[in-house]
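Let's take a walk through a protein model together. Keep the picture open beside you and follow along.

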Amino acid sequence: MNSHNNGTAKRTLWLLLGAFILPVVLAYLYLTQGWYQSGATNKGQLLNNLSYQSLAVSNPAERQWQVITLLPAHCDSGCQDRLATLRQTHIALGREQDRVVPLVYLTDQSDPDIRGELASQALRAAGAEMPVQQALADVAMVVVDPLGQWVMAYPAVQGTEAQIQQGRDLLSDLRKLLKLSRIG
């Protein structure tokens, strides 16, 4: 009888160990083997440790959300589409649009024809200092929070359809940020 109880005790011990250790081993494998896809819902690329303060430049629209872009020396069709996306996204925000400033940074070399049209297109302009120019060199648009933190970047895309999709992505991200934010 003792051997029967001993066999049952061992089986129970193994079952208990399996019940507690197996989930840990499976979770470890799931995370380390790349089987897990995160549940991020943002469409833009999150930025870390980038702000007006870290760039040592002044914030042109303090206490407001901003969507910023840099106007190049020659504004081709992609640039024109980006400006249209910036304008249309701002309009699509509806009642939340007073919380967001669409801002176009200008340099001395920025396209003079487009510079004159910015005010008529309801786009605010600001002078781009060198650190801002360098930070915006590799991206098309950046979302900035009311505290001056650069939150999310969107890469330059080619083609009208890609630009339209990027506008939808920007609008989706902005709506989520504005909904969750109690500042600005």
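Which residues lie nearest the centre of the largest pocket? Before we look, keep in mind that this is a predicted model. The residues to find are Leu 70, Pro 72, Arg 82, Ala 137 and Val 139, and they belong to a lining of 20 residues. The volume of this largest pocket comes to about 280 Å³. Two elements, S2 and H3, each give two or more residues to the lining of the largest pocket. H3 gives the most, with 3 residues. As for chemistry, the lining of the largest pocket is a mixture: 10 nonpolar residues, 7 polar and 3 charged.

Now turn to the second largest pocket, which holds about 190 Å³ of space. Here the elements that give two or more residues to the lining are H3 and H6. Among the lining residues are Asp 81, Thr 85, Gln 88, Gln 163, Ile 164 and Arg 168. Sorted by type, the lining of the second largest pocket has 4 nonpolar residues, 6 polar and 2 charged.

Pockets are open, but what about space that is shut in? Rolling a probe the size of a water molecule over the atoms shows where empty space is left. How many cavities of 30 Å³ or more does a search of the whole structure find? The search finds 1. About 40 Å³ of space lies in this largest cavity. Helix H3 (77-92), strand S3 (100-106) and H6 are the elements that give two or more residues to its lining. H3 gives the most to the lining of the largest cavity, with 3 residues. You can trace the lining on the model through Val 67, Leu 86, Thr 89, His 90, Leu 93, Val 100, Pro 102, Leu 170 and Leu 174. These divide into 7 nonpolar residues and 2 polar ones, with no charged residue. Did you spot Thr 89 in that cavity lining? Thr 89 also lines the second largest pocket.Let's stay with S3 and look at the sheet it belongs to. Strands of a sheet pair through backbone hydrogen bonds, either parallel or antiparallel. The sheet here is open, has 6 strands in the order S1-S6-S5-S2-S3-S4, and its pairing is mixed. At the edges you'll find strand S1 (45-46) and strand S4 (124-127), each of which pairs on one side only.

For a parallel pair, look at strand S2 (residues 65-70) and S3, which are joined over 6 bridges. One spot to zoom in on is Leu 70, whose bridge partner in S3 is Tyr 105. We have met Leu 70 before, as one of the residues nearest the centre of the largest pocket. For an antiparallel pair, go to strand S5 (residues 141-144) and strand S6 (residues 150-154), with 4 bridges between them. There, Val 142 stands opposite Ala 153 in S6.

Is S3 itself enclosed or open to the outside? Of its 7 residues, 7 are buried, so S3 is largely enclosed by the rest of the structure. In a regular strand the side chains alternate between the two faces of the sheet. You can check each face of S3 in turn: Val 100, Pro 102, Val 104 and Leu 106 are on one side, Val 101, Leu 103 and Tyr 105 are on the other, and all of these are buried. Val 100 and Pro 102 also turned up earlier, in the lining of the largest cavity.

Next, follow the chain past helix H6 (160-180) to Ser 181, which sits in the segment after that helix. Is Ser 181 buried or exposed? Its relative accessibility is 15%, and buried means under 20%, so Ser 181 counts as buried. Which residues does Ser 181 touch, if we leave aside its neighbours within four places in sequence? They are Trp 65 and Arg 99. Close by in the sequence, a polar atom of the Ser 181 side chain lies 2.8 Å from the backbone oxygen of Ile 183.

Our last stop is the loop between helix H2 (52-55) and S2, where Ala 56 is found. Most residues other than glycine have a negative phi, and most peptide bonds are trans. Ala 56 has a positive phi, near 60 degrees. Arg 63 lies in that loop between H2 and S2 too, and its phi is also positive, near 65 degrees. Are these two residues buried or exposed? The relative accessible area of Ala 56 is 65% and the relative accessibility of Arg 63 is 66%. Exposed means over 50%, so Ala 56 and Arg 63 both count as exposed.

Methods: Residues numbered from 1 in each chain as written. Predicted model: local features only at pLDDT ≥ 70, side-chain atom pairs only at ≥ 80, totals over all residues. Heavy atoms only, no water. Buried < 20%, exposed > 50% of the residue type's maximum accessible area, 1.4 Å probe, protein only. Polar contact = N/O pair within 3.5 Å; in protein donor to acceptor, adjacent residues only side chain to side chain. Contact = heavy atoms within 4.5 Å. 1 Å grid on protein atoms, 1.4 Å probe; cavity = no way out; pocket = protein on both sides within 12 Å on 5 of 7 lines; lining within 4 Å. Points joined across faces, edges and corners; volume = space filled by probe spheres on them. Nonpolar A, V, L, I, M, F, W, Y, C, P; charged D, E, K, R; others polar. Pairing = 2+ DSSP bridges.
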